[in-house]
Amino acid sequence: MLLFHLGQSQYAIPAQEVVEVTPQVELEPIAKAPGYIRGLFDYRGQNVPVVDLRQVIHNRHCNDSLTTRVILVRFPLSCGETRTLGLLAERVTETVRIKADSFSDTGVRIPDTPYLGQATRHDTGLIQKVNVKNLLPEAVQLLLFPARAG
């Protein structure tokens with residue numbers, strides 16, 4: 001699992017979903033996009049949209065720091081194809097081995113957060129797993145990947 005923070009909270013993404021972790025880069029804004037879409041950047045000749053995870057989860061932008069990174073993930077579109085998506089997160093500093101079955105349901109169901117739900121205890125504290133495939137509603141998928149989604 002790739003560990004990262006959003007404010008004081010810890011989160012994880014399964015390492016097999018991660019393409020690469022890059023330093024924070026200059027982003028080109030996307031006019032009239034939702035506030036959590038921070039912009040686009042060129043990744044090896046491909047325009048990649050970047051989502052601010054702290055804005056999505058905590059309604060605050062990620063802090064600019066040396067450990068703020070863009071996590072590039074394989075994002076599965078609802079049409080069945082996969083595209084690269086950037087996730088801006090804080091303190092992206094390590095990977096840890098955590099068995100998938102050690103995560104369990106928290107019992108908390110918030111309708112606007114289908115990408116959260118399972119958590120585990122670790123040496124570093126409580127870690128919630130981010131379910132990348134549920135991160136973006138279909139309408140936002142169509143905005144970011146118009147020729148491919150739908």
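Which backbone oxygen lies 2.7 Å from a polar atom of the side chain of Q10? Hold that thought for a moment, everyone, while I set the scene.

What we have on the screen is a predicted model. The mean pLDDT of the protein is 89, and 97% of its residues reach 70 or more. Confidence is lowest in strand β8, residues 104-105, with a mean of 86. It is highest in strand β6, residues 69-76, where the mean is 96.

Now back to my opening question. The oxygen belongs to T124: its backbone oxygen lies 2.7 Å from a polar atom of the Q10 side chain. Q10 is found in strand β2, and it is a buried residue, because its relative accessible area is 10% and the cut-off for buried is under 20%.

Let's stay with strand β2, since a good part of my talk hangs on it. The strand covers residues 9-13, and 4 of those 5 residues are buried, so β2 is largely enclosed by the rest of the structure.

Who are its partners? On one hand there is strand β1, residues 2-6, which pairs with β2 in the antiparallel sense over 5 bridges. If you want a register mark, find H5, which stands opposite Q10. The two strands form a hairpin with 2 residues between them, and in that hairpin G7 takes a positive phi near 65°.

The other partner is strand β10, residues 125-129. It runs parallel to β2, and 3 bridges join the two. Here you have a couple of register marks to look for: Y11 stands opposite Q128, and A12 stands opposite K129.

Strand β10 has a story like that of β2. In β10, 4 of the 5 residues are buried, so this strand too is largely enclosed by the rest of the structure. β10 is also joined to strand β9, residues 118-122, by 4 bridges, and that pair runs antiparallel. Across it, R121 stands opposite L126. β9 and β10 form a hairpin with 2 residues between them.

On to the aromatic rings. How many aromatic pairs does the structure hold? There are 3. One of them is F4 with Y11, a stacked pair with 5.9 Å from centre to centre and 20° between the planes. Both F4 and Y11 are buried. While we are on rings, take another look at K129, the residue opposite A12. The charged end of K129 sits over the ring of F103, 5.0 Å from the ring centre.

I know somebody will ask about cysteines, so let me get there before you do. A search of the whole structure finds 0 disulfides. As for surroundings, C62 is buried, with a relative accessible area of 6%, whereas C79 is partly exposed, at 32%.

Next, two residues with backbone angles to check. Most residues other than glycine have a negative phi. K32 is not a glycine, yet it has a positive phi of about 65°. You will find K32 in the loop between β3 (18-23) and β4 (37-43), and it counts as exposed because its relative accessibility is 85%. The second one is R91, again not a glycine, with a positive phi of about 45°. R91 is found in strand β7, residues 82-95. Its relative accessibility is 34%, so R91 counts as partly exposed.

While we are in β7, please look at R83, which lies in that strand as well. The side chain of R83 makes a polar contact with the side chain of E81, at 2.7 Å. Then compare sequence and space: R83 and T120 are 37 residues apart in sequence, and their C-alpha atoms are 28 Å apart.

For another such pair, go to P49, in strand β5, residues 46-52. P49 and F145 are 96 residues apart along the chain, and 8.9 Å separates their C-alpha atoms. Is P49 buried or exposed? Buried, with a relative accessible area of 1%.

If you keep one picture from today, let it be β2 with its two partners: β1 pairing in the antiparallel sense, and β10 running parallel. And right there in β2 is Q10, with the backbone oxygen of T124 at 2.7 Å from a polar atom of its side chain. Thanks for listening!

How values were computed: Residues are numbered from 1 along each chain as its sequence is written. This is a predicted model: local features need pLDDT of at least 70, side-chain atom pairs count only at pLDDT 80 or more; totals for chains, interfaces and linings use all residues. Side-chain values use heavy atoms; hydrogens and water are left out. Rings of Phe, Tyr and Trp (its six-membered ring) pair if their centres lie within 6.5 Å; planes under 30 degrees apart count as stacked, over 60 as edge-to-face and the rest as tilted. Buried means under 20% relative accessible area, exposed over 50%, partly exposed in between (1.4 Å probe, protein chains only). A charge sits over a ring if NZ of Lys or CZ of Arg is within 6 Å of the ring centre and within 35 degrees of the ring normal. A disulfide is a pair of cysteine sulfur atoms within 2.5 Å. Two strands pair if DSSP finds at least two bridges between them. pLDDT is the predictor's confidence in each residue, from 0 to 100. A polar contact is a pair of N or O atoms within 3.5 Å; within protein, one must be able to donate a hydrogen and the other to accept it, and residues adjacent in sequence count only if both atoms are side-chain atoms.
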